[in-house]
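Reader: I would like to go through some backbone features with you. How should I read them?

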Amino acid sequence: MRWREVLIAAVTLGLIQTRAQAQPGPFEGHRVVRVTPRTASDLLAVSSIATNIWSCEIGLGPLDVQVTPEQQAALESLGMSCELRVPNVQSLVDAEAAQIREAHLDRDAQWFSTYRNFTEINAKLDQLAAASGGLASTFLVGNTLEGRQVRGIRFTGPDRPGNPRNSRPAALFAGGIHAREWISPMTAMYLADRMLERYAIEPRISSLLDGVEIIVIPVQNADGYVYTWASPVNRNWRKNRRTNGNGTFGVDLNRNFGYQWGGLGAGTNPGDDTYRGIGPFSEPETQIFRDFVVANPRIRTHVDLHSYGQYLLTPWGYTGAPSPDALLFDRVTDEMATAIRGVHGKTYVNGQTYTLLYPAAGGSHDWTYGDRNIFGMTAELRDTGQFGFFLPASQIIPTAEEWFEAALIFANAAQAPLLLSTPDAELSQLRDGETANVRLLTRPGTTTVAASQPVLRWRIGSSGPFSSTPMTGGAPWTAPLSGPSCSGVIEWFFEAPGADGSVTRLPATAPDSVFRTTPFGSFDVFFDDMETDRGWTVGATDDDATSGQWQRADPVGTIAQPESDFSLTGTRCWVTGAAGGAPDANDIDGGRTTLTSPVIDARPPRGFIAQNSRVFCQVWFSTNTGSNPNADAMLVELSSDAGNTWTQASVVTQNVGTWWTYQLRIEDFRAPTDRMRFRFRPRDASGDSTVEAAIDDFALILDGCRTGDFTGDGGIDGDDVIAFFTAWDAGVIDADYTGDRSVDGDDAILFFSLWDLGR
């Protein structure tokens, strides 16, 4: 390029600035802070004060907002803490603009080295289709409010015998519904570019594309996207460009879909960033998307790409009630999050939109899932707030690379005959004598469950054939799983036949990968029903309660403390201020009171291999009455050195008005020793509140297996027999192999059976 051409290009692209252009930008001094509105009035104040709300979902809870120094001061004057996220918004605007200008001057720059405008994206779609060798074609979704064409690209492998292209299930990836989220269209385009480029050389991609059609719509909100490129002032625009008639512009397209339109999280003020519009599907952009999806019934999965936050969000957004496929969504998004983390180490948090973030009625994934029965979700791409919508161009490819791995998982779900999930995947242990009814949930994919019904396949141990147990029910399917105590392991998986003759398994690669459950027995180390004094002590050096100290007594009921102890027999428990009267007459006042257990030996007995050491007790805790309710708590602590040092295990705040079971696993905090102690420390620290606590039926139980190695030397020989019968003859509790709290002939029989097996 000659010097004249370089000069003209530089002026055109803004590399040579006029004196006027060198003036401070429109966002100079603006910063982004994170605030946490707790009430509707807080949220209203934030919305009215802040220049812009950056968070994609707007509601109670943490919000990233763009403010001037004066606006930040106004928020802080209302008692809102402002955590600085971006010191100067203008510096991000300037850096992004400079990078785009420089990349356009570099003829050798990769297409994904910078952000691309609407014209460049459409040109790239045509280029991909032309170079695809017939795999891809572009299509028109429809026209926007301002008459722009919303376009996409669809691609799949060549026709195969019995597998024509036009019969394959489809996976839809859509981006750019919010104009300012520039990483979204770029990630969608990378997905198309890489799949087409790698089809012939990467088996996992060719296998996918030979069974699934991929549909990519990179920019749904074309008018808004073009507007964000027009000038720095427009860069943070979110909505479409609807003239609302009152001086405001734009409808949030992701609040305009017809399924449960108009609910929580959808703005009614036309000036709001989340303005829902005058009615469901009032906007051309949502209408053409709706019509496209309805006209393509082969679409099985749908992802709406957004930024920012690094979330994998699933239905519902309009309600906190779980969707019918909540467990399936959790399983698939767990796999996606793991795949993302394996690329560049980034963590994406997965969960239901309403409960993980905020209410968001009228969203696209609620509509595709709730109205069209499509397995739909939303992805919030990088980052978590350092750059927000101004994610540096250097992160385009890393973001797209990690999302590509997640996209493969979700696209593969489109061709699954059946989609399977289970709430029992974490069933890692099974208590002796118990049978677990394991459950299987099925969602139709390309077929439905066959009349022969799913089966549970299982075996004891890690080798040999699997047995089959037919499953019954259907919503969910269930089958019993049980095994002998201490058998080592039970391996199991599900097998579901499809009406088309297919077989789907969970885990998907079973029997190479399976669920594993370890049957175990238990041993009661310590139990106290509080009817007699077992050595508990009241008081600690830092106790300062002026009333309501712990007592072992028969409590007198109030609205804050129990009427009776928990035990079926007996009357006593440990309680703070056992007397009745007014709720706050004998409660804890002025500080903390401490109840400490006696020293307990938590080591396993001879001939027992412990897997878990668990504390169970019944707890009553109340702090939800008085003039300052729900402001206090009870600490639970443990010590492995008889009380010389303490570790916090829990902070109890539950106010359920009844006894409930508390438990902790010692190994999560300390290695079990013969000098374990536990203490409970409720405290009144918040002024005029009513605080009561009670403890009953305290137990320390070991989960594990009996073994013939009674001496614990790692071998099973005659020494174990001698040691066992010495203990058995003396009636030592170590010889209680059956766990019935007595030593008799049954214990000797069980010991010899284990000893004879060499186990």
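Author: We take peptide bonds and then phi angles. Keep in mind that this is a predicted model.

Reader: Which residues does a cis peptide bond join, R382 and D383 among them?

Author: Look at omega for each bond. R382 and D383 are joined by a cis peptide bond, with omega about -5°. A475 and P476 are also linked in cis, and here omega is about 5°.

Reader: Where is D383 found?

Author: D383 sits in a loop. That loop runs between strand β12 (375–381) and helix α13 (396–412).

Reader: And where is P476 found?

Author: P476 belongs to the loop between β18 (472–473) and β19 (477–481).

Reader: Now phi. What is the value for Q453?

Author: Read the sign, then the residue type. Phi of Q453 is near 70°, which is positive, and the residue is not glycine. Q453 lies in the loop that connects β15 (436–444) with β16 (455–460).

Reader: What is phi for D697, and where does D697 lie?

Author: D697 has phi near 50°, again a positive value in a residue other than glycine. D697 is part of strand β32, residues 689–706.

Reader: Is D697 buried or exposed?

Author: Use the relative accessible area. Buried means under 20%. D697 has 15%, so D697 is buried.

Reader: How does Q453 read on that scale?

Author: Partly exposed falls between the 20% and 50% cut-offs. Q453 has a relative accessible area of 33%, so Q453 is partly exposed.

Terms used
Residues are numbered from 1 along each chain as its sequence is written. This is a predicted model: local features need pLDDT of at least 70, side-chain atom pairs count only at pLDDT 80 or more; totals for chains, interfaces and linings use all residues. Side-chain values use heavy atoms; hydrogens and water are left out. Helices (H or I, at least four residues) and strands (E, at least two) are DSSP runs, numbered from the N terminus. Buried means under 20% relative accessible area, exposed over 50%, partly exposed in between (1.4 Å probe, protein chains only).
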